[in-house]
Amino acid sequence: MESDNNNFDAAILAHDEAVAASGIDVWIGAEPTFTNRQSESPEWLNEALGDTKQAYACRIIKELRSRYPGSIILRTLGRQYAGEPQPRWSLGLYRRRDGRPLTDPLATSLTDRLPLDPLSEACACEEQDMIAFWQSLAKQLNRDGRTVTSFKVDADQVDEKMSLRILFTGDAQTITVDPSDDPRLLRAPVQSQAIPPEGLEDDLAADGLYLVSVGCAMTGPEDSLQPCIELPGFADVEQFADFVQCVAIAAAEAGLTGLVWRGFPPPVDANVAWMTLTPDPAVLEINEAPAASVTGFLDMSRMLFDVVQSYGLAPYRLNYNGDISESGGGGQFTLGGPSAEQSPFFVSPHLLLRLIVYLNHHPSLSYWFAPVYVGSHSQSPRTDENVRESFSELQVALKHLAATDAPTPEFIWRSLSPFLVDTSGNAHRSEINIEKLWNPYLPGRGCLGLVEFRAFRMAIDAESAASIAAMLRALAVMLARQEAHHHLIDWGNRLHDRFSLPFFLLQDLDTVFADLQRAGLDLGEPITRRLRADHWRHVGDAELAGCRLDVDLAIEFWPLLGDATEHTGGSRLVDASTRRLQLALRSCGDKDTDFDGWRLLAGNYSVPLRREQDENGMVLITGLRYRAFVPWTGLHPGLGAQTPIVLYLLPPGDENGLRCTLHDWQPEAEPYDGLPDDLDEARRRIAERFVVEVITPDQAPDTVNPPDEAVSDYFLDLRRT
């Protein structure tokens, strides 16, 4: 394993060197999600909030803080969706990228005196200690030319006991506001309020005034009081770092060792890394700080996976029957630059349009790495899965954008944002999400030069995540240097027929790797091997007389139940009862089989097979669609479940054949004694559900040709038989 890792690390380093040689700066970020796979409580199945998720986050971020000396934990704002009264919690880790402490690097003793967030631990909060800290902080802020005024407000006028206030300026400007008559100085903590529709903004900071609140807040275990400081919206990193140093000195003078840091999100630039942990349905989501190289990304991801898994969370779920699924929250990736202005999408202003076209040409990038739910109503629909009118107009937009020599960031965003949405117009649910590219209507975070790639399930380990990161960076560099503009392909039915089968997705993915190699950005075998891996898809296999049958999970595109009244919040009700399998026959052993006279049946229906070729020789292949279960509400109420699936592999002549039965559950319908303990047990349960039996010719059913409407070029649909 160590040798494999060395080879992999060397391939990642070679990738970084090739990107660096291109002169194109591409930073990579990610949003890995983790779940408690042994839990069946709502917070780990479908709800965002629950009893244990924040406790896990506290333990994880405390360990991460210990691995980054000089970093601090900040409690800021998580997401807030319709119907939620206030933002979800968010724990963030803020640090310098060079490893030095946030406090003055020359005064290293301050690092030991920096008051740390006690998180879920009890921490006494005495009024006299907070007053001493408040007074000392005002004294520290009064240095270096700032104008400072400290005051108390009536505790009845503010939430909790955050009545000690400090108002200061960033320079020597005069403070003209009066604490007695300006309601802004009585503001409540941002965590206790709904995020305004126009976005969160510190109106005092916009005027050059910074309001700090100090006191005891109910942030501890069982709402116990903890020492707390409420942060304003600082203008830049240097200003924030100066403030942190003042807090460290003041806390040391007051003897304060624990302090909850919360309030407005901190400023971020290329010199600091900002990672957040937030709750999302079924998962704990971690927004990694973007990395300037995949080597840095890999180091950070390895640490993150190690810490998170050591506390019992996992990047995947194991179902009772052994089926392996991702965490449930996806694993998106983000490309950008060291700053918004240095984003590769602005340095090479035609990069985004080329990327849209390239993803259109290569469905493997949309489906091979995606979660189980893909298609028009998924979380990551392609541009050609939108309504027809949108796809047609996108071609016009791309033509005009290509003809513009030096489009501005806003022009790029306005040209393409109407098309990078789902069928309802939701910009967040798109394979390519440009909400944060240059969106003037998203205050504070809309103009960051970022592009998010959403068609990715959660990676199973840090190396798999780094492999995807390398591929995306290499594609960005290749397309940034490309001069020709290509047209979109209208795939028609082939998109959901041909590219539902892993065989054709892998062939397409290999053409992507070949393109990168020709561009001087070869990923190398250790990376491409991980990108091609699909062990979770394999259902079962059987061999007979030099012929091998492989059964693998294929991709299904579930339809939305548009008239259902059960839709709530951001969820969407779909009919997930249809499954699709890939059936493949190929030679095994020393001699090639020509397959003349061989038959494959699904039930008693003859399965039409396509002759294809890959690096291993000839293969006969097709897909099989069927109804796996009857949903409590869904389409086709008169159609029952079509399981178990029974396949017959019959050789020519009067020879014995095979009967392969795929069960959705334990073959004897016995209950499982719990969820699988590990991946090995999950795979054992999957294997046990694929039952292979030798049969004599008289045990084979009479063959029936399926009706024409049940057969396409790429699959047999048992629901239509």
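**Close-up 1. Helix 2 and helix 7 cross in this predicted model.** In the predicted model, the axes of helix 2 (residues 53–67) and helix 7 (residues 294–310) come within 9 Å and cross at roughly 135°. That angle makes helix 2 oblique to helix 7, and helix 2 passes helix 7 in a right-handed crossing. On the helix 2 side, I60, E63, L64 and R67 take part in the contact, meeting M303, L304, D306, V307 and V308 of helix 7.

**Close-up 2. Helix 11 packs against helix 12.** Helix 11 (residues 388–402) and helix 12 (residues 409–416) have axes 9 Å apart and pack at an angle of about 160°, which makes helix 11 roughly antiparallel to helix 12. The crossing in which helix 11 passes helix 12 is right-handed. The residues that meet are L394, A397, L398 and L401 from helix 11, and F411, S415 and L416 from helix 12; L416 is also listed among the residues with the most contacts inside the largest nonpolar core.

**Close-up 3. Four strands form an open antiparallel sheet, and helix 13 lies across strands 1, 14 and 16.** The strand order in this sheet is 1-14-16-15, with antiparallel pairing. Strand 1 (27–31) and strand 15 (432–433) stand at the edges with a single partner strand each, so one side of each is left without a neighbour in the sheet. Strand 1 is joined to strand 14 (residues 332–336) by five bridges, the two strands running antiparallel, and I28 has L335 in strand 14 as its bridge partner. Helix 13 (residues 462–481) lies across strand 1, strand 14 and strand 16 (451–453), and runs at about 35° to strand 14.

**Close-up 4. The largest nonpolar core is shown with the surroundings of F333.** This core has 113 residues, and those with the most contacts inside it are F333, L352, L416 and M471. Helix 13 supplies the largest share of the core, 15 residues. When residues up to four places away in sequence are not counted, F333 touches I28, G29, A30, F297, V451, E452, F453, F456, A465, I468, A469 and L472. A second, separate core has 38 residues, including F243, V247, A250 and A254. In soluble globular proteins, nonpolar side chains tend to be buried together.

**Close-up 5. Five strands form a second open sheet, and helix 17 lies across strands 25 and 26.** The order of the strands is 21-20-24-25-26, and the pairing is antiparallel. At the edges stand strand 21 (605–606) and strand 26 (690–695), each with a single partner strand, so one side of each is left without a neighbour in the sheet. Six bridges join strand 25 (residues 657–662) to strand 26 in an antiparallel arrangement, in which G657 stands opposite I695 of strand 26. Helix 17 (residues 679–689) lies across strand 25 and strand 26, running at about 35° to strand 26.

**Close-up 6. Strand 3 and strand 9 are shown with their bridge partners.** Six of the six residues of strand 3 (residues 72–77) are buried, so strand 3 is largely enclosed by the rest of the structure. Strand 3 runs antiparallel to strand 4 (residues 89–96), to which six bridges join it, and I73 stands opposite L93 in strand 4. Strand 9 (residues 260–263) is joined to strand 8 (residues 226–231) by four bridges, and these two strands run parallel; the bridge partner of L231 in strand 9 is G263. From strand 9, V260 and R262 point one way while W261 and G263 point the other way, and all are buried.

**Close-up 7. Backbone details are shown at E222, D223 and P644.** E222 has a positive phi of about 55° although it is not a glycine, and its place is in the loop between strand 7 (209–217) and strand 8. With a relative accessible area of 82%, E222 is exposed. D223 lies in the loop between strand 7 and strand 8 and has a positive phi of about 60°, although D223 is not a glycine. D223 counts as exposed at 54% relative accessibility, because the cut-off for exposed is over 50%. At P644, a cis peptide bond joins T643 to the proline, with omega about 0°; P644 is placed in the loop between strand 23 (617–627) and strand 24 (645–650).

Notes:
Residues numbered from 1 in each chain as written. Predicted model: local features only at pLDDT ≥ 70, side-chain atom pairs only at ≥ 80, totals over all residues. Heavy atoms only, no water. Pairing = 2+ DSSP bridges. Contact = heavy atoms within 4.5 Å. Axes fitted to C-alpha atoms, helices over the stretch in contact; angles between N-to-C directions. Core = buried A, V, L, I, M, F, W, Y, C linked by side-chain atoms within 4.5 Å. Buried < 20%, exposed > 50% of the residue type's maximum accessible area, 1.4 Å probe, protein only. Parallel < 35°, antiparallel > 145°, perpendicular 65-115°, else oblique. Left-handed = near helix turned anticlockwise from the far one by under 90°.
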